Each structure stands twice: as structure tokens, then as C-alpha cells.
Amino acid sequence: MPTPLLQVRNLTTRFNTEQGQVTAVDGVSFDIDAGETVAIVGESGSGKSVTALSIMRLIPSPPGKIESGEIVFEGRDLSRIDDAGMRAIRGNKIAMIFQEPMSSLNPALTVGMQVAEPSNLHRGLPWAKAMDLARELLGRVRIPDAASRLASYPHQYSGGMRQRVMIAMALACQPRLIIADEPTTALDVTVQAQILDLLKELTRETGSSLLLITHDLGVVARYADRVAVMYGGRIVETAPARELYRHPHHPYTLGLMASVPRLDGDAGGQLVPIEGQPPDLAHLPPGCAFSPRCGKASDACRAARPPLVEVAARHFKACFNDVRA
Amino acid sequence: MSELNGAATSVHAHAAASRAEMLRVEDLKVHFPLKKGIIIQRQVGTIQAVDGVSFALKRGDTLGLVGESGCGKSTTALAVLRMLEPTAGRIVFEGRDITHTAKDDMRPIRRRMQMVYQDPYGSLNPRMKVRDIIGEPLQVHGEAADAAAYTERVERMIAMVGLLPDMADRYPHEFSGGQRQRIGIARALALEPGLVICDEPVSALDVSIQAQVINLFMSLQERLGLTYLFIAHDLAVVRHISDRIAVMYLGRIVEIARRDELYKTPLHPYTEALLAAVPVADPEVEARRPRVIVKGEVPSALRPPPGCRFHPRCPKAMEKCRTVDPALTDLGAGRAVACHLHTAP
């Protein structure tokens with residue numbers, strides 16, 4: 001098996017808050033192969049975005065800190081390289097697309113300059129050449145009339161068009177990995193499908209890998225090759241997408257699937273909700289973080305954290321019980 | 001004599017119909033003038049937020065109102081509540097035309113129609129205790145005179161939405177999103193309304209919490225016989241809770257139908273595209289599903305396209321669609337669609 005493009009090992013990221021130290025990401029490990037789309041799915045506070053920001057080394061410090069673990073990308077541990085080294089990778093080898101395109105674009109610069117900037121910065125292209133490339137990139141993300149829209153400002157673009165600009169920026173240096181953190185949550189459904197289809201198509205064309213952070217099980221089902229389900233800062237289950245949906249093992253994964261109304265499901269009946277609230281990271285129970293909401297929790301679950309164990313090929317779960325559907 | 005009897009029967013039939021009907025909206029228009037200039041203002045345009053919306057809602061039923069941002073679903077709701085002045089059209093609530101009812105006369109009517117808001121953080125006063133938030137509608141409508149009965153009523157509401165009695169004296173910040181939404185629901189139900197307008201009531205909640213609140217809405221409807229106008233952009237949620245669904249696009253209803261028919265055989269190309277855009281949480285189903293991707297985004301309501309408003313994005317647009325605006329046409333069995341493909345020429 002070839003070496004994965006990215007290997008995250010025991011990543012732990014902590015924040016100092018008024019309520020004490022909070023472990024947002026707690027011993028997370030996963031791989032991303034070249035050309036693969038991996039989704040991290042979870043609710044607010046599950047640690048999915050902090051995992052993404054940790055890989056990009058964008059954790060604000062203080063109050064945050066990557067406490068331990070390795071982030072091995074193309075053979076180098078990103079958690080150990082210096083800031084200048086990281087700047088050479090960020091936006092170049094690894095690019096990121098954020099949820100809110102309006103606040104991640106600079107309102108005072110033209111779209112053309114923002115799309116041209118990565119090639120000027122990382123590839124040393126003169127501005128004129130970088131602008132030519134920007135025009136080409138805007139065309140690739142299907143912005144109509146790209147040449148004349150280079151001189152426009154972000155506020156003159158619609159939400160979907162801004163997210164296309166973000167994708168064009170991400171593609172500028174032909175990154176090996178694109179991290180997209182809830183890239184379409186702020187967009188309408190029809191536009192959401194357009195953007196995700198475009199992203200998937202472009203990563204397929206360029207062979208780059210995609211790490212998709214989302215809360216939407218439908219988006220995961222449509223676009224991901226493999227999935228990691230996070231809860232309370234840990235991965236509770238990870239598997240190839242088809243395997244996960246066909247044979248979910250963790251009670252939280254099962255609960256999520258049962259609680260979401262589906263377009264092709266049984267309409268009008270009672271949904272099966274997961275009782276209780278998502279965990280407060282400042283007051284996690286000593287055992288499994290899901291145990292307070294889990295119908296199958298035993299004393300063992302409340303006493304110790306279950307490790308990830310392999311249940312099938314590339315399918316791991318962190319649960320002491322056998323709760324298969 | 002027989003004629004008189006006939007007349008009497010028809011009057012009775014009419015009364016029964018209006019008793020069964022909670023809300024009727026006819027050709028509702030809400031336009032906002034767009035003004036320019038600081039000292040001397042002049043109108044430079046009109047935003048046609050809602051432009052000719054008609055529907056009827058039976059007592060005890062749920063009508064889902066779906067559409068993307070800017071389609072006018074929330075504006076329709078606010079106009080029904082008369083929190084926005086309708087530009088034209090008619091709103092008939094519990095058999096009474098309230099389109100032009102004076103502000104003071106609206107107050108007793110409004111206690112029969114209440115609203116649950118989207119944002120459970122922004123819609124509760126952070127300085128008020130839960131019991132005062134839920135009791136405020138009772139105080140406003142002068143039903144708090146008997147202190148014991150008032151307290152009893154507030155506590156009954158708290159229990160009804162699944163909160164614990166000791167939560168009454170806490171403040172909103174002590175609650176999670178799902179619990180706050182329960183507080184908002186208790187406040188809306190305090191006056192025992194007939195119609196509850198829910199504007200994206202679960203879209204701000206975590207996935208695992210949404211199901212709890214949806215179940216609560218459904219069990220309350222069963223217990224109290226509530227009528228819901230349920231506004232949402234999530235088609236799976238709307239399908240789950242609604243009896244009938246109206247799909248809106250740029251200020252218009254483009255299709256209205258019973259739930260199962262709409263989802264099984266969507267007629268309007270926009271409904272079709274909207275349904276196809278929503279991914280199903282199953283990779284195997286997803287791999288088989290046909291994909292209808294519409295081009296572009298919703299245009300501005302300031303300058304809606306001529307002809308059918310959807311035609312610039314429609315994969316099935318014909319020549320006629322560019323010039324002739326299709327009317328919402330009744331196809332029978334509670335189904336209506338505004339599309340030249342499905343209406344006789």
C-alpha cells in the first residue's frame with residue numbers, strides 16, 4: 001500500500017478557557033490517501049473544525065495549542081516545522097476553503113488580486129502572469145465572463161460565486177490536499193449541490209485529496225470515500241463510506257442515522273432522537289463521552305474511554321459494546 | 001319552502017367550510033419600495049418580496065412552505081401575522097378577513113396566531129427568567145390577574161414542552177439550543193393559539209437535537225389540535241412534518257401539493273431540482289439517483305426575470321417561458337402548479 005498523503009497520529013489540541021483547560025481534539029488519528037475524499041462528520045463541539053485548523057496550523061495561540069501528536073504530510077511532521085516552513089505549505093500544498101466566503105475574502109481587494117496572490121507568493125509568478133492564471137482559474141470554477149469579473153470586489157459577487165472564488169484561490173497552486181470546512185452550509189440547496197459537485201470534479205481532475213468537514217450525513221454519503229465520525233473531541237467510528245452506512249457500529253453513528261429525516265424515508269412517523277445534549281467539552285465524563293446519552297452504556301463505558309478497534313477492513317469503532325443494527 | 005331549505009343548507013355548508021379552514025391567503029402581495037437619496041428620497045424600484053401568493057390551510061393540518069433564501073417564505077408569514085402590511089390581496093383567518101383590521105383590533109386576533117422563531121438565542125430576552133418569558137403573553141393579554149392560576153398555567157406550559165419544573169427560575173443562557181427552542185414553543189402556546197407559524201424552527205439546532213424538537217412539534221399538534229404553517233429550507237424536515245407543501249420561488253408559489261405526491265412526482269422543474277439537490281444519507285442510493293443540477297442562483301427580487309421567473313435556470317425552458325408568466329393552475333386533488341409544461345396552452 002502506498003504511503004498516505006497525510007497521516008494524523010494522536011493529535012491533541014487544547015484551549016485555555018475561563019472554564020479551565022478544554023481538550024477540543026483528543027488523540028485523533030486518521031489517514032488521507034492521495035486522491036481520496038475523506039469526510040469528518042460531527043455536531044458542534046465535536047472537534048471537527050479544530051482538527052482541520054490544527055492540520056493547517058491555524059489554531060490561535062494563545063489560547064489554543066497543539067499539545068501532542070503528529071501531522072505527517074508528504075513525509076514531514078507539520079506540528080514541528082517552523083512558521084516560515086508552514087507558510088510555504090499553507091495555500092500552496094494544502095489549501096483551505098472556509099464556511100463563510102464573505103468573511104474569508106478581503107473586501108478591499110479585487111477578486112482577481114486575491115485569486116492571483118497565491119501564485120505570486122508561492123510560485124514567484126510576476127503579477128501580470130498571475131492575473132492571467134487567475135482569469136483561467138475563474139473560468140475553471142465556471143464564473144461567467146471571468147475576464148471582466150477580475151476587477152470586481154467580493155461584495156459584487158453572490159454567495160455561491162464567492163465560494164467559487166474561494167475554490168479558485170484554493171486551486172491556484174495545485175495543492176495536494178484541500179480542506180473544506182462546511183463549505184456550503186451558508187448556501188442554498190441548489191447552489192450547495194453546484195459547489196460540491198464542482199469541488200469533487202476539480203479534485204478528481206487534479207488528483208488532489210479532499211478533507212470535507214460537515215455535519216450533513218447526506219453530503220457525506222454523496223461525496224466521501226471514507227468517513228470519520230467525531231464526538232466530544234474523538235473519532236468514535238471510521239470506515240469506508242458504504243461500509244459505514246451499511247454496517248454502522250457505534251451507538252452515536254446509529255443514533256445520528258435514525259434521528260435524521262430522509263427524503264426517501266418513512267414520512268410522518270416519530271423520529272428516533274438521541275436524548276440529551278451534545279457534550280460540554282469543559283465537563284466531559286471520565287469514560288466514553290457519549291455514555292450519558294447512550295442507551296447501551298454500562299459501568300465499563302462510564303469508567304474508561306473505549307479505544308478504536310478494527311471491526312472490519314479499515315472499519316474502526318470506539319465502543320465496548322456490540323450494538324450493530 | 002324547498003328553496004329556503006336549500007338556502008339554509010348552503011349557509012350551513014359555508015359555515016362548516018369556514019370552521020374547517022384556519023387560514024386562507026388570496027393573491028397576497030408584499031412589495032417594498034427601494035428608495036434612494038438622503039434628504040430628498042425618491043423611489044427607484046420595488047422589491048417584489050411576495051408577489052401573488054394564494055393558499056388555504058385546514059384546521060389541524062400542517063402546510064410546509066419551502067424555498068431558498070429570498071423566495072418570500074418568511075415575508076409571507078409576517079404578512080399573515082400582519083407584522084408587515086400587505087400591498088395587495090386578502091388574508092382570511094378563522095373565517096374573518098383580517099387584511100385591513102386596525103392595529104388595536106388585531107390584538108385579540110393575534111392571540112389565536114403565534115410564532116416560533118428560528119434563532120433560539122436571539123428570540124429570548126436574556127434578562128428574563130424562563131417563567132416570565134413564557135408568562136409574558138399572558139400578561140400582555142390580561143390573563144395574569146389571578147396569580148395562582150397564572151403560575152399554574154406557566155408551569156403547565158413548561159411541563160408540556162418537556163422542560164423540568166426547576167428550570168422556571170433560570171435564565172436563557174443556562175440552556176442549550178434545543179431547550180431554548182422548547183422555551184420559545186412554550187411561549188407561543190401559552191395563549192392557546194389555533195395557528196402556529198414556525199419560521200425555520202430547527203435549522204439552528206444540532207442534528208441530534210432537531211429530531212427531539214420535530215417530535216415535540218408533532219406530539220403537541222396531536223394533543224392540542226394545532227395548525228402549523230411550517231417554514232423551512234430543509235426538504236426532508238418539511239416532508240416529515242407537513243400534510244401539504246407549497247414550494248416558493250422568487251415571491252411566488254410554483255407548486256403546491258399533498259406531501260406524498262409532491263415528493264413522488266414533482267411537476268415543476270424547480271421542485272424537481274430542489275429535491276434532486278438534497279443528498280440522501282445513503283451512498284448506495286446516492287450512486288443511483290438521477291442528478292438535476294440547475295444553473296446559476298436565485299435572481300434579485302428587484303428585477304425578476306420576465307415570463308416564468310424560473311426560466312433562466314430551468315433545464316426545460318421553452319420559448320414561451322421567456323415571455324409568458326405561467327399562472328398557478330389547479331390540477332385537482334389539492335394540487336396546483338405554475339408551469340407551462342403542465343398547464344393547457
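**Helix 11 of chain A and its surroundings**

Visitor: Why is helix 11 (residues 251-259) of chain A called largely enclosed by the rest of the structure?

Guide: Because seven of its nine residues are buried. Buried means that 20 or more other C-beta atoms, placed from the backbone, lie within 10 Å of the residue's own. Keep in mind that this is a predicted model, where local features need pLDDT of at least 70, side-chain atom pairs count only at pLDDT 80 or more, and totals for chains, interfaces and linings use all residues. Residues are numbered from 1 along each chain as written, and chains are lettered from A in the order in which they are written.

Visitor: Which residues of helix 11 of chain A are buried?

Guide: Pro251, Tyr252, Thr253, Leu254, Gly255, Leu256 and Ser259 of chain A. They pack against helix 9 (217-223), strand 9 (226-231), strand 10 (234-240) and helix 10 (241-246) of chain A, together with helix 7 of chain B. Helices here are DSSP runs (H or I, at least four residues), and strands are E runs of at least two.

Visitor: What makes residues of chains A and B count as in contact?

Guide: Their C-beta atoms, placed from the backbone, must lie within 7 Å. By that test, 36 residues of chain B are in contact with 39 of chain A. Helix 7 (207-224) of chain B gives the most to chain B's side, with six residues.

Visitor: How do you know that strand 1 and strand 2 of chain A pair?

Guide: Pairing takes at least two DSSP bridges; strand 1 (residues 6-17) and strand 2 have 10, in the antiparallel sense. There, A:Leu11 stands opposite A:Val28 in strand 2.

Key
Two residues are in contact if their C-beta atoms, placed from the backbone, lie within 7 Å. A residue is buried if 20 or more other C-beta atoms lie within 10 Å of its own, exposed if 12 or fewer, and partly exposed in between; C-beta atoms are placed from the backbone.
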